[in-house]
Amino acid sequence: MKRYRKYIMPVITLFATLGIWEACVRIFDVDLYILPAPSKIVEAMLANADVLWMHSMVTLQEAVTGLMIATVAAILIAIGMDLSKNFKHSIFPHLVVTQTVPVMVLGPLFTIWLGFGMAPKVLMVVFMCFFPIVIAFCDALAQVDVNQINLLKSFGAKKWQVYAYVKIPAAATALFSGLKVSATYCIGGAIVGEWLSASAGLGYYMIRVKNGYMLDKVFACVIVIIFWSLLLHLAVTLLERIVFPYKR
């Protein structure tokens, strides 16, 4: 029983919260446009499953594309910073500054520069997902055991072999830690981009139903967003186990 307590307790808490929520809405007769009951949210999800699926595919395409671009760019730049201290000192302060810029400010600029298509949403995702990956991976590369590196060099290993056999495998855990954080961010980044300019996607759908005061559909959309974010996090975890089985 103790083994499964960490799984059972959150489920019990969730259902207790939903039960109290449902009871309060029914007892106080709260209007739908103020706070829908959980049962109404489930009904809205089932009734609009096709629409939510269609918009989900648009948002997922933007999120996954942006996450992949951010991951590749972060890995290359992290290795570059590890190879050259001058490069790290030149670029690291700018990476920190980018995180102080409000995302909502950049959205309209990306739209002006790239139009109203998929590109500005993907760039928004890249902007939000890049930093956690590059920082986690760069720090991990710098903390690899020097003795392992020296041992490999004593056998005549080249730079790329040091990274392939020692540094990258040793920093894999940190890389995937940053990637897991970014996997939960990427859907949010796509949603923010869709709020500012879109003709499809979960963010666009959420704005549309919000303007109609259909809060049951807004909450249904939020639940779908949470579902896809958790699914992407799980996908990254499974990928880590497949690529680096010795890390289990």
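Which residues have the most contacts inside the largest nonpolar core? They are Leu-95, Val-134, Phe-137, Cys-186, Ile-187, Leu-202 and Ile-225. This report covers that core, then the pockets and the cysteines. The model is predicted.

## Overall fold

The protein chain holds eleven helices and zero strands. Along the sequence, the pattern reads α-α-α-α-α-α-α-α-α-α-α. The C-alpha atoms fill a box of roughly 75 × 55 × 30 Å, taken along the principal axes.

The protein chain has 248 residues, and 39% of them are buried. Consider next the contacts with a separation of 6 or more: residues 24 or more positions apart account for 73% of them.

## The nonpolar core

The largest nonpolar core has 50 residues. Seven helices are named as supplying at least two residues each: H2, H3, H4 (85-98), H6 (119-142), H9 (172-196), H10 (202-211) and H11. The largest share comes from H6, with 13 residues.

Leu-95 is one of the residues with the most contacts inside this core. Leaving aside residues up to four places away in sequence, Leu-95 touches Met-81, Phe-130, Phe-131 and Val-134. Val-134 is also among the core residues with the most contacts.

## The largest pocket

The largest pocket encloses about 390 Å³ of space. Three helices each supply at least two lining residues: H1 (5-27), H2 (38-47) and H11 (215-243). H11 gives the most, with six residues.

The lining starts with Leu-18 and Trp-21, then takes in Pro-38, Ile-41 and Val-42. Phe-219, Val-222, Ile-223, Ile-226, Phe-227 and Leu-230 complete the set. By class, the lining has eleven nonpolar residues, no polar ones and no charged ones.

## The second largest pocket

The second largest pocket has a volume of about 190 Å³. Helix H3 (49-83) and H11 each supply at least two residues of its lining. Here the largest share comes from H3, with five residues. H11 thus contributes to the lining of the largest pocket and to that of the second largest.

Val-64, Leu-67, Met-68, Thr-71 and Val-72 line this second pocket, together with Leu-179, Leu-232, Ala-235, Val-236 and Leu-239. The lining divides into nine nonpolar residues, one polar residue and no charged residues.

## Cysteines

How many disulfides does a search of the whole structure find? The search finds zero. Two cysteines show the distances involved.

Why is Cys-138 without a bond to Cys-129? Cys-129 carries the closest cysteine sulfur, but that sulfur is 18 Å from the sulfur of Cys-138, so the two are too far apart for a bond. A disulfide needs the two sulfur atoms within 2.5 Å. Cys-138 is also buried, with a relative accessible area of 3%.

Cys-221 is in no disulfide either. The nearest cysteine sulfur, in Cys-186, lies 15 Å away. Cys-221 is buried, with a relative accessible area of 0%. Cys-186 appears elsewhere in this report: it is among the residues with the most contacts inside the largest nonpolar core.

Key: Residues are numbered from 1 along each chain as its sequence is written. This is a predicted model: local features need pLDDT of at least 70, side-chain atom pairs count only at pLDDT 80 or more; totals for chains, interfaces and linings use all residues. Side-chain values use heavy atoms; hydrogens and water are left out. On a 1 Å grid over the protein atoms alone, a cavity is a set of points where a 1.4 Å probe fits but cannot get out, and a pocket is an open set with protein on both sides within 12 Å along at least five of seven lines; lining residues have an atom within 4 Å of a point. Grid points are joined across faces, edges and corners, and a volume is the space filled by probe spheres set on the points. Helices (H or I, at least four residues) and strands (E, at least two) are DSSP runs, numbered from the N terminus. Ala, Val, Leu, Ile, Met, Phe, Trp, Tyr, Cys and Pro count as nonpolar, Asp, Glu, Lys and Arg as charged, and the others, Gly among them, as polar. A nonpolar core is a set of buried Ala, Val, Leu, Ile, Met, Phe, Trp, Tyr and Cys residues joined through side-chain atoms within 4.5 Å. Buried means under 20% relative accessible area, exposed over 50%, partly exposed in between (1.4 Å probe, protein chains only). Contact means heavy atoms within 4.5 Å.
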